[in-house]
Amino acid sequence: MSNAEIKTSVDGQELVIEHTVNAPRDLVFKAYSEDELLSSWWGPQGWQTENRQFEFKPNGVWLYCMRCVDQDQGEFYGMESWGKSIYHEIIAPEKIIYTDMFSDKDGNPIEGMPEIKVTMLFTKKDGNTQISVHNKFPSTETLHFVMEMGLVQGYASQLERLDELMTQLK
């Protein structure tokens, strides 16, 4: 389980995850917008991310692979999980809107897996940054399916990695 403090709420087809990062907004936004920084912390603890394609601009594509490198994670060790995002709107350092999906290594969406419309908001808060991630799913059933897969726990774990990165960079 993660040590990152998060708040979650569900409203219909939307899951909102909020977390405050002890770092200035420009630096937190940079961690999402620069290829090398993003790949250094994205994914849950024990996983490494390789960005195969990263175009941080409207209509740009981010194709990545998360690999479990932690032998203590048992059956997950060595597993790969591919994802693809298409950016729609970027307002630095305030907002990122993109569509996120599970994909194969070529970026083709995995049939039967949902596309998630993600709106990320970065708000200054007492010298820190509050991240609000609004995940809009195609249906409430899909939202609950992905939550049962461990979406909240995985996201909390990667936010812990973001917190660690911010401590190093400040």
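Glutamate 80 and arginine 67 make a good starting point: their side chains form a salt bridge in which the closest N and O atoms are 2.8 Å apart. Keep in mind as you look that this is a predicted model. The pair ties together distant parts of the chain, since glutamate 80 belongs to strand S5 and arginine 67 to strand S4, with their positions 13 residues apart in the count. Glutamate 80 has a relative accessible area of 42%, so it is partly exposed. Arginine 67 also counts as partly exposed, at 26% relative accessibility.

From here you can follow the charges to a second pair. Arginine 52 and glutamate 50 meet through their side chains in a salt bridge, with 3.7 Å from N to O. Arginine 52 is partly exposed because its relative accessible area is 43%, and glutamate 50, with 29%, is partly exposed as well. These residues do not stand alone: Glu50, Arg52, Arg67 and Glu80 are linked in a network of salt bridges.

How many salt bridges does the structure hold? There are 4 of them. One that you can find next is between lysine 95 and glutamate 89, where the closest N and O atoms are 3.8 Å apart. Lysine 95 has a relative accessibility of 23% and therefore counts as partly exposed; glutamate 89, at 31%, counts as partly exposed too.

Now turn to the strands themselves. S4 and S5 pair in the antiparallel sense, and 7 bridges run between them. To see one partnership, find tyrosine 64, whose bridge partner in S5 is glycine 83. On to the next pairing: S5 and S6 run antiparallel and are joined by 8 bridges. Here tyrosine 87 has tyrosine 98 in S6 as its bridge partner. S5 and S6 form a hairpin, with 3 residues between the two strands. As you trace these strands, it helps to know that in a regular strand the side chains alternate between the two faces of the sheet.

The next stop is empty space. Rolling a probe the size of a water molecule over the atoms shows where such space is left. In this model the largest pocket holds about 890 Å³. It is lined by 34 residues, and those closest to its centre are Pro44, Met66, Gly150, Leu151 and Gly154. Several elements give two or more residues to this lining: strands S4 (61-68), S5 (80-91), S6 (95-102), S7 (115-125) and S8 (128-136), together with helix H4 (151-169). Which element gives the most to the lining of the largest pocket? That is H4, with 6 residues. By kind, the lining of the largest pocket divides into 21 nonpolar residues, 11 polar ones and 2 charged ones.

One last place to visit is histidine 19, found in strand S2, which covers residues 14-21. Is histidine 19 buried or exposed? Its relative accessibility is 5%, and because buried means under 20%, histidine 19 counts as buried. Its side chain has a polar atom that lies 2.6 Å from the backbone oxygen of glutamate 5.

Looking back, you have met a network of salt bridges that links Glu50, Arg52, Arg67 and Glu80, a hairpin made by S5 and S6, a largest pocket to whose lining H4 gives the most, and a buried histidine 19.

Key. Residues numbered from 1 in each chain as written. Predicted model: local features only at pLDDT ≥ 70, side-chain atom pairs only at ≥ 80, totals over all residues. Heavy atoms only, no water. Helix = DSSP H or I, 4+ residues; strand = E, 2+ residues; numbered from the N terminus. Buried < 20%, exposed > 50% of the residue type's maximum accessible area, 1.4 Å probe, protein only. Polar contact = N/O pair within 3.5 Å; in protein donor to acceptor, adjacent residues only side chain to side chain. 1 Å grid on protein atoms, 1.4 Å probe; cavity = no way out; pocket = protein on both sides within 12 Å on 5 of 7 lines; lining within 4 Å. Points joined across faces, edges and corners; volume = space filled by probe spheres on them. Nonpolar A, V, L, I, M, F, W, Y, C, P; charged D, E, K, R; others polar. Pairing = 2+ DSSP bridges.
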